[in-house]
Amino acid sequence: MLKNTYEWLDKRLDITPMWRDIADHEVPEHVNPAHHFSAFIYCFGGLTFFIVVIQILSGMFLALYYVPDIQNAWKSVDYLQNEIAFGQIVRGMHHWGASVSIVMLFLHTLRVFFTGSYKHPREFNWVIGMSIFFVMLGLGFTGYLLPWDNKAYFATKVGIQIAASVPVIGSAIATFLQGGEIVGAQTLARFFALHVFFLPAILLLLLGVHFVLIRRQGISGPL
Amino acid sequence: MAHHHDNDKEIHYVGDSRVVQKTERLVPKDYSEFPGKTEAFFPNFLLKEWMVAVVVLVGFMALVMAEEPPLGAQADPTNTGFLPVPDWYFLFLYELLKFKWASGPYVVVGTVIVPMLAFGSLFLVPWLDTGKERRPMKRPVTIGIMFLALIGSVVLTWVAWDEHEKQLASLPKGEAEAKIVDQKDPAFDIYKNNACVNCHGQKLEGLQGPPLRGVGDAYTPDEIISIMNEGKGKMPAGMFQGTALEKEQLADWLAKQKTGRKMSEEQ
């Protein structure tokens, strides 16, 4: 039955080559932690992706309750954390996952750096990876404001002041981030949109390119 | 359709398309060229990666269950006493901007030049370190610079954190740190339904009256009841309008509002 369904689809969509590209390839011994324990350093990239999936899923559930306006943002976070079943767990996963994903991403970057894996022919994938790092920092910065407590508000204010001190384009960056003259209602709406729509879209796009390039170029050889 | 089989032609196409066939490509090595045992990505290798992920997940969920995600008091733009601190991974930049040579008139050093140099060279590292050698021990300059940058960032982060902790400790004790103990206690509703809330705030954070977070450090339930009855300072007597039982419940709950720190002042 399952086989027939597959064959029916395969005849029309030719999915076997896609399956081969995504799943059916050999993984060399030197990256396999089952053969060499020290090869766990090659797991940081996969773990970063794993935490990103946790962030997306927990974020989707937070979005069921979160209200991005200055009257209700804090109240909605307070409510979902203290009143909703498992709300504290879901918010905890998103809150701590933000830090853990940065740590994992950092470790992955260091692994690629120290093993010289960014060298020919993988230069471009390194640049994609660094871009992912900056998008993740952007997600961290925009997400920090959303609970709308004092810590969030004043950290964002300082962050925007720092951006504003950049010569020539500083005030333009500050206006873009604030959506006005002060950190206020516009800023919250804007950070919410960036955090939930713009940056995740860019992140997924970059991750897709990152993975396609890894499949195209293969993993770097043993040292 | 047949044109791509014609080797005499100078231009070759991919399949039946008009995409020109390239002669040179960077095809990854066949895995049989790697030494040792390879294995299939799916399901064999993915299972092993998943086992690593499970170990990480267990540790992660333990952290999530042990540590409540912090949520401070609602943002109050008029609060002038609040010490701002960015998330930990921005602390190095925050600390960098405190150097004399990277702040004030030289702020451009801290906001543009140093970050641009550091992150710009990190971005372009494949074109700065172009040698064929991949082993870290054989690339002393690249690895050396990275180590210095890493040590610098760790030190800056640590200094920033340490300084923030010290500043926090020197702040007057107040609502910022203390949490409401036992928020689900019905006494909290008694509090909210009475006049208390008008002066001491929805979250015990204090408005015209002082904050009540951590009030249990200073008073016993009986003392709190006598304050409710007789007033104190600007607080008039007899503000609590509920029943005697409610008054007792509320006083017991307020006395539970302890921060765990010792009170230094006498009452």
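User: In which helix of chain A does A:D78 lie?

Analyst: This is a predicted model, in which local features need pLDDT of at least 70 and side-chain atom pairs count only at pLDDT 80 or more, while totals for chains, interfaces and linings use all residues. Residues are numbered from 1 along each chain as its sequence is written, chains are lettered from A and ligands numbered from 1 in the order in which they are written, and side-chain values use heavy atoms, with hydrogens and water left out. Helices (H or I, at least four residues) and strands (E, at least two) are DSSP runs numbered from the N terminus. A:D78 falls within residues 73-82 of chain A, and these form helix α4.

User: Is A:D78 buried or exposed?

Analyst: The relative accessible area decides this, with buried meaning under 20%, exposed over 50% and partly exposed in between (1.4 Å probe, protein chains only). A:D78 has a relative accessibility of 13%, so this residue counts as buried.

User: Which residue of chain B meets the side chain of A:D78 in a salt bridge?

Analyst: Leaving aside neighbours within four places in sequence, A:D78 is in contact (heavy atoms within 4.5 Å) with A:E83, B:L71 and B:K203. A salt bridge (a side-chain nitrogen of Lys or Arg within 4 Å of a carboxyl oxygen of Asp or Glu) joins A:D78 at 3.1 Å, N to O, to B:K203. The pair crosses between chains, running from helix α4 of chain A to the loop between α7 (196-200) and α8 (221-230) of chain B. Both partners are buried, and the chain B partner of A:D78 is B:K203.

User: How many residues apart are B:K98 and B:E163, whose side chains meet in a salt bridge?

Analyst: The N to O distance between the side chains of B:K98 and B:E163 is 3.2 Å. The pair links distant parts of the chain, with B:K98 in the loop between α2 (91-96) and α3 (107-123) of chain B and B:E163 in helix α5 (residues 140-170), and their separation in sequence is 65 residues.

User: With which residue does A:K3 form a salt bridge?

Analyst: A:K3 is exposed, because its relative accessibility is 59%, whereas its partner, at 39% relative accessibility, counts as partly exposed. Both residues lie in helix α1 (residues 2-13) of chain A, 4 residues apart, which is about one turn of the helix. The closest N and O atoms are 3.4 Å apart, and the partner of A:K3 is A:E7.

User: How many salt bridges does a search of the whole structure find?

Analyst: The pairs described above include one that crosses between chains, from A:D78 to B:K203. The search covers all chains, and the total that it finds is 10.

User: Which element gives the most residues to the nonpolar patch?

Analyst: Patches are made of residues with over 30% relative accessible area and no salt bridge, like charges being joined within 9 Å and nonpolar side chains (Val, Leu, Ile, Met, Phe, Trp, Tyr) within 5 Å. The residues of the nonpolar surface patch, among them A:F49, A:I56, A:L64 and A:F211, have about 1100 Å² of accessible area together (Shrake-Rupley method with a 1.4 Å probe; for residues, only the protein chains shown count as cover). The elements that give two or more residues are α3 (44-62) and α9 (185-217) of chain A. The most, 6 residues, comes from α3(A).

User: What is the relative accessible area of A:F211?

Analyst: A:F211 is placed in helix α9 of chain A, and its C-alpha atom is 9.0 Å from that of A:N125, although 86 residues separate the two in sequence. A:F211 counts as partly exposed because its relative accessible area is 35%.

User: How far apart are the end C-alpha atoms of residues 45-66 of chain B?

Analyst: The unreviewed UniProt entry annotates this span of chain B, along with residues 106-128 and 140-161, as "transmembrane region"; positions are given in the numbering used here, feature names are shortened, and annotations may be inferred rather than shown by experiment. Residues 45-66 are 100% helix and 0% strand, with their end C-alpha atoms separated by 32 Å.

User: Which residue does a cis peptide bond join to A:H120?

Analyst: Most peptide bonds are trans. The bond that follows A:H120 is cis, with omega about 5 degrees, and its partner lies in the loop between α5 (87-114) and α6 (123-145) of chain A. The residue joined to A:H120 is A:P121.
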